[in-house]
Amino acid sequence: TLRHSWPHPGTVACNDQPSFCPSHWVPYGGNCYYLVRDKKMWRDALAACHREGGDLASIHNIEEQSFIISQTGYCKCHNEPVWIGLNSNTGGRFKWVDNWLLSYTKWGRDEPKNNYGCVYIDVDRTWKTAPCTNNYYSLCKRSPGETVPLLVLQTS
């Protein structure tokens with residue numbers, strides 16, 4: 001089980017931004033966020049975030065949700081759904097891929113639907129479920145302690 005030694009997201013002062021955010025990531029609350037404007041299936045979106053040293057984003061409160069909508073570039077592609085790191089692919093319960101406790105939700109009307117396992121932020125800014133094979137933009141999140149995997153170059 002993944003354990004986080006960092007305070008709960010949103011508890012870091014605004015002027016205490018992480019120094020580990022790469023230049024194309026946006027800092028907030030001690031974490032870094034990156035909107036991937038390349039449509040992928042959910043599992044491929046997760047793999048892309050892992051390659052960048054993060055996970056699909058977990059969202060823990062209204063402030064973090066509002067930040068994501070207003071500051072990560074989400075508004076620039078407001079007509080596109082965006083995958084987040086919530087799914088029910090293991091046992092039917094919705095869980096964050098980074099193992100944070102699911103303590104905040106922003107479900108849309110008549111959601112979640114039991115027959116779909118992956119969650120996205122829809123154009124109305126609520127969370128909805130969809131087949132994991134749909135191709136959407138995605139939101140990655142890096143937390144302290146997560147590192148970018150090293151690439152091993154093989155020479156011949």
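1. Pro27 faces Cys32 of strand β2 across the pairing. The model here is a predicted one, so please read each point below in that light. Pro27 belongs to strand β1, residues 26–28, and three bridges tie that strand to β2, residues 31–40, in an antiparallel arrangement.

2. The link between these two strands is worth a look on your screen. β1 and β2 make a hairpin with two residues between them. In that turn, Gly29 has a positive phi of about 55°.

3. Strand β2 has another partner too: β8, residues 136–142, pairs with β2 through six bridges, again antiparallel. If you want a place to start along this pairing, take Lys40, whose bridge partner in β8 is Tyr136.

4. Now to the rings. Searching the whole structure gives 11 aromatic pairs. One of them is Tyr28 with Phe67, a stacked pair with 4.3 Å from centre to centre and 10° between the planes. This pair connects distant parts of the chain, since Tyr28 lies in strand β1 and Phe67 in helix α2, residues 62–71, with 39 residues separating them.

5. Is Phe67 buried or exposed? Phe67 counts as buried because its relative accessible area is 8%, and the cut-off for buried is under 20%.

6. Elsewhere, one aromatic cluster brings together Phe94, Trp96, Tyr104, Trp107 and Trp127. You may enjoy viewing these five side chains as a group.

7. A last contact for you involves a charge and a ring: the charged end of Arg142 sits over the ring of Trp25, at 5.8 Å from the ring centre. Arg142 falls within the residue range of β8, 136–142.

Note on methods: Residues are numbered from 1 along each chain as its sequence is written. This is a predicted model: local features need pLDDT of at least 70, side-chain atom pairs count only at pLDDT 80 or more; totals for chains, interfaces and linings use all residues. Side-chain values use heavy atoms; hydrogens and water are left out. Two strands pair if DSSP finds at least two bridges between them. Helices (H or I, at least four residues) and strands (E, at least two) are DSSP runs, numbered from the N terminus. Rings of Phe, Tyr and Trp (its six-membered ring) pair if their centres lie within 6.5 Å; planes under 30 degrees apart count as stacked, over 60 as edge-to-face and the rest as tilted. Buried means under 20% relative accessible area, exposed over 50%, partly exposed in between (1.4 Å probe, protein chains only). A charge sits over a ring if NZ of Lys or CZ of Arg is within 6 Å of the ring centre and within 35 degrees of the ring normal.
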